[in-house]
Amino acid sequence: MNEGSATATSSSTTASSTGNISSNADENARKVQIYKDNLISRAENLIIKEFPERIVRLNALLETSQFAHRNFSDVYQELNIPVPPPIVVETGSGDASTNAAKRQRLNSSYGVDGEGGTNVLALPTGRVDCNKAISELILIVKPVIRALVEDSNLLKMWISFMIPKIEDGNNFGVSIQEDTLSEIQSVETEAATFFDQISRYFVTRAKVVSKVAKYPHIDDYRRAVAEVDEKEFLSLWLVLSEVRNRYCSLHDIVIKNMEKLKKPRSSNTDSLY
């Protein structure tokens, strides 16, 4: 009697567990479908409405005084690293060994031999700040780059959801989807590299500034800092222009092929009879 009750209880528990698993699977499938529907709606609104707005806004930004017709001298910033006074080496009386020892100490301390340089423990005038003008431009450009990465990712998923199951024949529309997807992926990758370019600028500039601190009497290092800043200014203008161009190209290719992207396969069976 007890064995029968245990068997019945076990069967009831198994059935309940199976029902819960099935219910959870259905609920998860419903949530995934809602996510897909929302993503498709957001992507279509992005292409039709938001892309033109962003193109117009980027065009206006490129025409502002921060980017248009700006001289390289506008982004120049004086380094807060003074040139130390020259070292006067007295060649007075003394034996040869004493004078040689003095010369060796001076050479090792001040880099007369071209290897040591000035020992930098702290700068007398404080820290060396980042280039203020370039930093302001970076604060403007970085959100634009991030938006392009996010928009490209959204469009990539939208087209992926539109690709139908694999079948023989009638795949011209699918090839259009794949070509468009490849273009969007290249835009996403290129936009991500823009962030790396900004971080490399700060690392490169820091290395050159450290050279100025170590060899403050060499003007070439100071000029190198200015050249790095000018190059980054030009790069930021170019990045902003490329982001605008990428938005234009993506909007153009998607709008022209919207019908094939949304319905890659057309049924012609009705027209055959």
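Is Ser-152 buried or exposed? Hi everyone, let's start there. Ser-152 is buried, because its relative accessible area is 0%, and the cut-off for buried is under 20%. Before going on, please keep in mind that this is a predicted model.

Let me give you the overall layout. The chain has 6 helices and 0 strands. Reading from the N terminus, the order of elements is α-α-α-α-α-α. There are 273 residues in the chain, and 28% of them are buried. If we take contacts with a sequence separation of 6 or more, 85% of those link residues that are 24 or more positions apart.

Back to Ser-152, which sits in helix H3. Helix H3 covers residues 132-162. Those 31 residues should span 45 Å at 1.5 Å a residue, and the C-alpha atoms at the two ends are 46 Å apart, so the expected span and the model agree. At the N-terminal end of H3 there is a cap from Asn-131. One of its side-chain oxygens lies 3.1 Å from the backbone nitrogen of Ala-133.

Which residues does Ser-152 touch, once neighbours within four places in sequence are set aside? They are Ile-184, Val-187, Glu-188 and Leu-250.

One of those partners, Glu-188, deserves a moment. Glu-188 is in helix H4. With a relative accessible area of 15%, Glu-188 is below the 20% cut-off and therefore counts as buried. Not counting residues up to four places away in sequence, Glu-188 touches Val-149, Ser-152, Asn-153 and Lys-156. For a sense of spacing, Glu-188 and Arg-146 are 42 residues apart along the chain, with 9.8 Å between their C-alpha atoms.

Staying on helix H4, we come to Ala-191. Its relative accessible area is 1%, so Ala-191 is buried. Beyond neighbours within four places in sequence, Ala-191 is in contact with Ile-145, Leu-148 and Val-149. Take Ile-145: 46 residues separate Ala-191 from Ile-145 in sequence, yet the C-alpha to C-alpha distance is 6.1 Å. A general reminder may help when you look at these helices on screen: an α-helix has 3.6 residues a turn, so residues three or four places apart point the same way.

Now for the other neighbour of helix H4. How do the axes of helix H4 and helix H5 cross? Helix H4 runs over residues 172-214 and helix H5 over residues 219-256; their axes come within 10 Å and cross at roughly 170°. That crossing makes H4 roughly antiparallel to H5, because angles over 145 degrees fall in that class. The contact of H4 with H5 is made up of 18 nonpolar, 4 polar and 9 charged residues.

Here is a residue I would like you to click on: Arg-205, also in helix H4. Arg-205 has a relative accessibility of 6%, so this arginine counts as buried. What joins the side chains of Arg-205 and Asp-229? The link is a polar contact of 2.7 Å. With neighbours within four places in sequence left out, Arg-205 is in contact with Leu-79, Asp-129, Cys-130, Asn-131, Val-225, Val-228 and Asp-229. You will recognise Asn-131 in that list as the residue that caps H3. Ala-226 is 21 residues from Arg-205 along the chain, and the C-alpha atoms of the two are 9.2 Å apart.

My last stop is His-69. Where is His-69? This histidine is in the loop between helix H1, 2-62, and helix H2, 96-110. His-69 counts as exposed because its relative accessibility is 80%, and exposed means over 50%. The phi of His-69 is near 55°, a positive value in a residue other than glycine. As general background, most residues other than glycine have a negative phi.

To wrap up, we went from Ser-152, buried at 0%, through Arg-205 and its polar contact with Asp-229, to His-69, exposed at 80%. Thanks for listening!

Terms used
Residues are numbered from 1 along each chain as its sequence is written. This is a predicted model: local features need pLDDT of at least 70, side-chain atom pairs count only at pLDDT 80 or more; totals for chains, interfaces and linings use all residues. Side-chain values use heavy atoms; hydrogens and water are left out. Axes are lines fitted to C-alpha atoms, for helices over the stretch in contact, and angles run from 0 to 180 degrees between N-to-C directions. Helices (H or I, at least four residues) and strands (E, at least two) are DSSP runs, numbered from the N terminus. Angles under 35 degrees count as roughly parallel, over 145 as roughly antiparallel, 65 to 115 as roughly perpendicular and the rest as oblique. Ala, Val, Leu, Ile, Met, Phe, Trp, Tyr, Cys and Pro count as nonpolar, Asp, Glu, Lys and Arg as charged, and the others, Gly among them, as polar. The expected span of a helix is 1.5 Å times one less than its number of residues. A polar contact is a pair of N or O atoms within 3.5 Å; within protein, one must be able to donate a hydrogen and the other to accept it, and residues adjacent in sequence count only if both atoms are side-chain atoms. Buried means under 20% relative accessible area, exposed over 50%, partly exposed in between (1.4 Å probe, protein chains only). Contact means heavy atoms within 4.5 Å.
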